[in-house]
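Q: I would like a close look at a single helix in this predicted model, with attention to how its residues are placed and what lies around them.

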Amino acid sequence: METATMDDDCPEQPCNSTPAAPPLPSPKDTASSPPSPPTIVDGAPPTLPTTVDGAPPTLPTAIDGAPPTSPNQMEGGTGLEETMKELSKDYSLSLGMEFESEEDAYEFYNDHARITGFGIRRCYCTNSKKDGIMINRKFVCSKEGEREKDNRSLVVEQPQRETRTKCKAFMYITFNRQKSKWFVKTFEENHNHILHDPKTSFLLRSQRRIREAQALNIELAVDSGLSVKASHDLISAQSGGRENVGFTLNNHKSYLRARRQRSLQYGEAGALLGYFQTRAAENPYFFYDVQLDIEEKITNIFWADHEMIIDYGLFGDAVSFDTTFQTNKECRPLAIFTGFNHFRMTAIFGAALLYDETSESFEWLFKSFLRAMGGKKPVSIFTDQDAAMAKAISIVMPDVTHGLCTFHLNQNALKHLGHLFKDDSDFGKELNTCIFGYEDEQELEEGWETLIKKYNLQDNMWMKKTWDIRKKWAHVYMNWSFTTGMRSTQLSESLNAKIKKFVKFDHDIVQFFTHFDRLVMEKRDNEIDSIFDSREKLPKQKLKKSPMLIQVAQFYTPPLFDLFHDEVDLSLSCLDRMSVMEIPESYILHRWRLDAKACASKDSKVSVEEDDPKLAKAARYRNLCPKMVKLCARSCELKAAYEFVATGVEDMCAKVDKMLLEVGDSMDEGNEQLEVIDPRFRGVNGLKKKAGVNKRKGKRLKPWYEKNGKRKKVTATPTGLYQDVPMPYVPEMINCESNLSSQTSFHPQTFEVTGDEAFLQDDYFFELISAPQQSRRN
């Protein structure tokens, strides 16, 4: 007894009583084929082609750009037509052909279909009732049957064009238990539709398939930031043309869409957990933290990897903190802690995705940041004039010097006192003199008083509030704290501009982390390039025989050496009189040394254990990769070398697998760790969504000081229309003029918001950040 399992709505085809032909060699190596219809010569089964190294026969190409002749139109001849007809015999169908598996039979029939010019699909199979194995299979033309009737009530004005023609072409195979092989039992070659040209046969659905190696290239391309079109063009060029790729651009897009759906199959919270646990498995010192609301939804996310923590331990004395927008689909602000490394380049210390910019969110973020860094606080931190940030810093880090960005201070001055910047006024220069120019507190007070009197600003509220927080922006006060020369959040602003080139507002949570990691790696690559240049190139030294310059050139990084050289030039005569030839090494700050990461500061509270087995595994991987890449590149130049390396790699893989089985594969232990759910994610109901945000445009919510950037003109609502005002065309208002009385014309009245009314909104900010701070000397 047998049980029939239907793969489609195709009716079962009765068996043909034609006697079976002698079995043929297996055609599993026939992957590609020339365009020609299947024919049977003298009723004898054809002999399968054999080529060198098992390669498929080469397809003939058209001559002089002329399209190849359709196989059905060939009537004999010489040259190209005769060659194509001869090669087509190798892929013709015959009764009794045998195959090693059902998949081999499908591949052969698919190659036959590509040569002939039609697509195929699996129709139905028959399973044995004894053991349940498949014993029969039917392959049909893709145009077999007809489209099912759409019973939905929806009326489609332009339905898709019909593709089915009730074609009867098929191939029916059956399984021989004694030989454990499949045989062609019956087939039909005649079609009732026009066959495709060989030039377009690669577009048939059955001919399109993304192989595993191609899928890997697709994923690498998109993770590297290439667009879908660019990556598909690259794969096409590598394959020798789009006809040799094996899939189309739409298949490429569909694969990436399916990949994104798979990555989010457990929701955004599950994808976030998977990313964090994968990073933690790669490096046990990867730190992450999440904050949940009362609904058990994730609101704020913070993370810092191993190198970020090390960089903060060495260079975290001065930190710039800022937020940016339009980096993810949920319009969450991205907050980044940055600073200067020993090359005065941007170093990222940590990042966070916040739900909002409230003081509570910033307070949680600063606490998580300090916990990740072992409790070490920075000496100084610079932010913009955001009230919520200032409040959180005063609560979490009250003893840290909080500096305000001087760039934002000038921008706010332009917003509130814009009339003083007109007509070649010197107000901007004099204001910056108060910010940067004074070294003595008494001089600052006198200069500020002069500025107030000169421009008659005694009653200006913004100037009064700014003076009250002068310890956060004046050089005379900030000079007492170590800032690494930082006086603004320009470091963060430049990084924010760079981020927009890597992440987009339509990225989901998985895409965001993938491309943000690219940004982090680029910054680290730039640092490696600077380290190489510092050892490869000699420093620029004017006084080549100066013992002091020769000494510091061995310790300082090039940017710091240039700054030191300038100071030496200014104080050269003084140094000569004091007979100072060298600087004691204790005066050379470790953070600016070439070997800063090897000479960690002794008072650093951030420590990472380097002798970790997983870190050692990563080091071995970095050591082997360049060697294997070099070996592959050289062995591909010669066929004999390639075959030798390929055989050797297979032997090595087998031996390595055997060794891992004997000692226990450490990868299994890592996978087991990934299955353990973080307690912080237990009961999580997903990421909290922001209501009322236009996700399509990715616009952010602007703070009050940006909304009030310009003095606005407020127009009263008119009760009528003045005759001289042109009306816009609105279909619903075509006849509205007839309803307006000419005696009720109204002239719109305008008035400007006064300065005091606009400054009232600053009170909350100034009250939060006007508290005195403990200052310290470098």
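Which residues are exposed on the other side of H12, away from its buried residues?

A: In this predicted model, the exposed residues on that other side of H12 are Thr450, Lys453 and Lys454. To place them, it helps to begin with the helix itself. Helix H12 runs over residues 441–454, which makes 14 residues, and it reaches 20 Å from its first C-alpha to its last, close to the 20 Å expected at 1.5 Å a residue.

The buried residues of H12 are Leu444, Gly447, Trp448, Leu451 and Ile452. Because these residues cover an arc of only 135 degrees around the axis, they are on the same side of H12. The spacing can be read against a general property of such helices: an α-helix has 3.6 residues a turn, so residues three or four places apart point the same way. As for what the buried residues meet, they pack against helix H11 (427–437), helix H13 (461–468) and helix H14 (475–478).

The two ends of the helix deserve separate mention. At the N-terminal end, aspartate 440 caps H12, with a side-chain oxygen 2.9 Å from the backbone nitrogen of glutamine 442. Beyond the other end, H12 is followed by asparagine 456, whose phi is positive, near 55 degrees.

The helix can also be set within the chain as a whole. The protein chain has 25 helices and 15 strands, and of its 778 residues, 41% count as buried. Among the contacts in the protein chain with a separation of 6 or more, 69% are accounted for by residues 24 or more positions apart. The chain exposes about 45100 Å², and carbon and sulfur atoms supply 53% of that area.

Covalent cross-links can be considered last. A disulfide is a covalent bond between the sulfur atoms of two cysteines, and a search of the whole structure finds 0 disulfides. The sulfur of cysteine 141 has its closest cysteine sulfur in cysteine 167, and because the two are 3.9 Å apart, they are too far for a bond; the cut-off that applies to such a pair is 2.5 Å. Cysteine 632 is likewise in no disulfide, with the nearest cysteine sulfur, that of cysteine 636, 6.4 Å away. In their surroundings, cysteine 141 counts as buried, at 0% relative accessibility, whereas cysteine 632 is partly exposed, with a relative accessible area of 39%.

Notes
Residues numbered from 1 in each chain as written. Predicted model: local features only at pLDDT ≥ 70, side-chain atom pairs only at ≥ 80, totals over all residues. Heavy atoms only, no water. Buried < 20%, exposed > 50% of the residue type's maximum accessible area, 1.4 Å probe, protein only. Helix = DSSP H or I, 4+ residues; strand = E, 2+ residues; numbered from the N terminus. Contact = heavy atoms within 4.5 Å. Areas by Shrake-Rupley, 256 points an atom, 1.4 Å probe, with all protein chains shown as cover. Expected span 1.5 Å × (residues − 1). Arc of directions from axis to C-beta. Polar contact = N/O pair within 3.5 Å; in protein donor to acceptor, adjacent residues only side chain to side chain.
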